[in-house]
Amino acid sequence: MENKPDLIIYNIGQLLTIRGTTQKPKVLRQMDDLGIIEDGAVAVKDGKFIHVSNTIEIRKRYEFGAIKTFDASGKAAMPGFVDCHTHSLFGGNRAAEFVERIQGATYLEILRKGGGILSTVNNTRKLSTEELTEITQKHLDSMLLHGTTTVEIKSGYGLDLMNEIKILKSIRELQKTHCLDIVPTFLGAHAIPVEYKHDPDAYVDLVCDMLPFAKEYAVFCDVFCDEGAFNAKQTEKIFHTARNLGFQLKLHSNEFKDIGGIPLAIKYEAVSIEHLDHVTPKEISQLSGSKAICVLLPGIPLFLMKDTYAPAKEMLEKGLAIALATDFNPGTCPCLNMQIMITLGSLKMSMTPAQAINAATINAAHALSMAHRVGSIEEGKQADMIILDINDYRQLSYYFGVNHVQTVIKNGRLVVDNKVLVK
Ligand code: NIG
Ligand code: FE
C-alpha cells in the first residue's frame with residue numbers, strides 16, 4: 001500500500017477540522033465555521049495528518065487490517081488547544097492573597113505592598129532550574145490531560161538577568177523533555193522589582209541589556225504595559241531594542257487601564273495584543289486596521305472578581321482577529337483548562353461556542369506564528385488532535401467544569417488514553 005499510515009482514526013461522529021485559514025487568522029463569518037465533517041476520519045504518518053476526510057473515503061483508500069486504528073464512534077474530535085498566553089513557570093502559590101482579595105483587598109493594592117507578582121518573584125528566585133522544571137512539568141501534564149497540545153510560556157518571575165535566564169533555561173529543558181510544543185516568551189518587563197522601586201527607568205535599561213541574552217532562548221518579547229507596571233515610553237524603549245534584535249513582539253495591554261499601549265503595539269507590528277478588558281471604541285477602530293491578534297483572557301476578570309470583560313462581540317463585528325487563552329499564572333488565573341475559557345468566552349463575552357473554539361485553536365496558533373504547523377486538522381499539519389466524550393461540540397461550552405478530553409494524540413502519538421497520561 002502506497003504511503004501506509006501509522007494510524008487511522010475513523011467513525012468520528014463530529015470532526016471539527018477548523019481548516020482553511022492557515023495563512024491569515026479567522027475573522028467575521030469565518031469564526032462561525034468549524035469545518036465540520038460528519039463521520040470523519042484522519043490518516044496519520046510520521047506525526048502529520050496525511051489525509052483528512054470521512055470514513056467512507058478513508059476506507060476506500062487504505063487497507064484497515066494492516067494499520068493501527070482508533071474507532072471514535074459517537075465522539076467529537078478537534079485540534080488540540082493552543083494556549084497562546086501563559087505564565088506557567090513560577091514558584092509557590094498565592095492562595096493567601098486570594099483570601100485577602102475575597103475579603104476586599106484589590107490586586108493592585110496587594111502589588112503596591114510588595115505582594116502579587118513580587119511575592120511570586122521571591123518564591124521563584126529561591127528555586128533552581130531543576131526544581132522549576134519539575135514543578136512546571138506537572139502543570140504541562142495537566143494541560144495535556146485537558147487537551148492543550150501547544151503552549152506559550154512567558155518568563156517574568158525572575159526580574160534580573162540570572163533569574164530570567166534560569167527560567168528560560170528551564171523552559172528550554174521542558175522543550176526537550178515534554179511532548180507539548182512550548183513557545184518561549186521573554187517578559188523581563190513584567191513588574192518593577194523591589195530593588196528598582198525608586199528608579200524604574202534603570203530597570204527598563206536592565207531589561208534592554210537582558211534582551212541579547214534572552215534572544216538565545218525566546219522567540220517573543222512581551223511587556224506588561226499597564227497601570228502599576230510599565231508606561232508607554234518605557235514599553236517603546238524595550239520594543240525598539242527587542243525589534244532590532246529580531247524578536248517578535250507581544251504586548252500586555254488594557255488589562256486595568258488604557259495607558260497608550262495599543263497604538264504602540266500597532267506601530268511596532270506586534271504579533272498579538274493581550275488582555276484588552278479596558279479597550280476603548282477608538283482603539284477597536286485602530287485595531288481593525290492592524291494585523292495584530294487580540295488575545296482575550298476571560299479567566300482574569302472572573303478570578304479578580306471584576307465586571308469588565310473585553311468586548312469580544314464588538315471586536316468580532318469590527319473584523320478583529322480574536323484568540324482565547326488561559327493566562328495561567330498564580331495571581332490572576334490559576335486555571336490552565338482551556339475548556340473553561342471557552343465557556344467563559346460564551347458566558348461572559350457572548351462568543352458562540354464556534355467562535356470560542358476557533359479562537360482557542362487556529363487564531364491562537366496565529367498569535368504564536370505557529371498556524372503553519374498547528375491549530376487545525378489539515379493535511380501536512382502536525383497530528384495534534386483531541387477526542388472528546390461528547391458528540392456535539394456545543395456541549396464543550398455547555399457542560400462546563402468537567403474535563404471532556406478523553407484522548408489526546410500529539411504528533412501522531414497517543415499521549416492521553418481514556419483520560420490517563422500515557423508515559
Ligand atoms: O497576565 N498581567 C500581568 N501578568 C499576569 C499576572 C501575573 C501575576 O499576578 O502573577 C497577568 O494577569
Ligand atoms: Fe499575562
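# A walk from Asn254 to the iron and beyond

Start by selecting Asn254, which sits in the loop between strand S10 (248-253) and helix H9 (261-267). Keep in mind as you click around that this is a predicted model. Check the backbone here: Asn254 has a positive phi of about 55°, although it isn't a glycine. Asn254 is also buried, with a relative accessible area of 0%.

For another residue with that kind of backbone, jump to Met305. Its phi is near 55°, again a positive value in a residue other than glycine. You'll find Met305 in the loop between helix H11 (299-303) and H12.

**Stop two: the iron**

Now show ligand 2, the iron ion, and bring up the side chains around it. Which protein residues act as donors to the iron ion? Select His85, His87 and His252, each giving its NE2, plus Asp327, which gives OD. These donors lie 2.1 to 2.4 Å from the iron. Along the sequence, the donor residues follow the spacing H-x1-H-x164-H-x74-D. Colour His85 and Asp327 to see distant parts of the chain linked: they are 242 residues apart. His85 belongs to the loop between strand S6 (81-83) and helix H2 (95-102), while Asp327 comes from the loop between strand S13 (322-324) and helix H13 (338-349). Switch on a surface and look for these two. His85 is buried at a relative accessible area of 0%, and Asp327 is buried too, at 2%.

**Stop three: two helices side by side**

Select residues 161-177 for helix H6 and 200-214 for helix H7. The two pack at an angle of about 35°, and their axes are 10 Å apart. Turn the view until one lies over the other and you can make out that H6 passes H7 in a right-handed crossing. What meets what between H6 and H7? On the H6 side, pick Leu161, Glu164, Ile165 and Leu168; they meet Met210, Phe213 and Ala214 in H7. Sorted by type, the residues of this contact come out as six nonpolar, no polar and one charged.

While H7 is in the picture, add Gln234, which lies in helix H8 (residues 232-244). Gln234 counts as buried, with 8% relative accessibility. Leaving out residues up to four places away in sequence, it touches Pro200, Asp201, Val204 and Ala229.

**Stop four: charged pairs**

Side chains of opposite charge can pair when their charged atoms come close. In this structure there are 21 salt bridges, and a few are worth a click.

Begin with Lys410 and Asp181, whose closest N and O atoms are 2.7 Å apart. Lys410 is in strand S15 (residues 405-410) and Asp181 in strand S8 (residues 181-189), so this pair ties together parts that are 229 residues apart in sequence. Both Lys410 and Asp181 are buried.

Next, select Lys313 and Glu317. They also form a salt bridge, with the closest N and O atoms 3.9 Å apart. Why are Lys313 and Glu317 separated by about one helical turn? Because they are four residues apart in helix H12 (residues 312-317). Are Lys313 and Glu317 buried or exposed? Lys313 is partly exposed, with a relative accessible area of 43%, and Glu317 is exposed, at 57%.

Then try Lys381 and Glu378, where the side chains meet in a salt bridge at 3.7 Å, N to O. Both of these residues are buried. Finish this stop by selecting Glu152, Lys154, Asp222, Lys250 and Glu274 together: salt bridges that share partners join them into one network.

**Last stop: Ser272**

Lys250 from that network turns up again here, as one of the residues that Ser272 touches. Select Ser272 in strand S11 (residues 272-275). At 0% relative accessibility, Ser272 counts as buried. Which residues does Ser272 touch, not counting those up to four places away in sequence? Show Leu249, Lys250, Leu251, Ile293, Val295 and Ala367.

To close, draw a distance line from the C-alpha of Ser272 to the C-alpha of Gln382. The two residues are 23 Å apart in space and 110 residues apart in sequence.

Key. Residues numbered from 1 in each chain as written. Chains lettered and ligands numbered in written order. Predicted model: local features only at pLDDT ≥ 70, side-chain atom pairs only at ≥ 80, totals over all residues. Heavy atoms only, no water. Donors = N, O, S within 2.8 Å, 3.2 Å for Na, K, Ca; no water. Buried < 20%, exposed > 50% of the residue type's maximum accessible area, 1.4 Å probe, protein only. Axes fitted to C-alpha atoms, helices over the stretch in contact; angles between N-to-C directions. Left-handed = near helix turned anticlockwise from the far one by under 90°. Contact = heavy atoms within 4.5 Å. Nonpolar A, V, L, I, M, F, W, Y, C, P; charged D, E, K, R; others polar. Salt bridge = Lys/Arg side-chain N within 4 Å of Asp/Glu carboxyl O.
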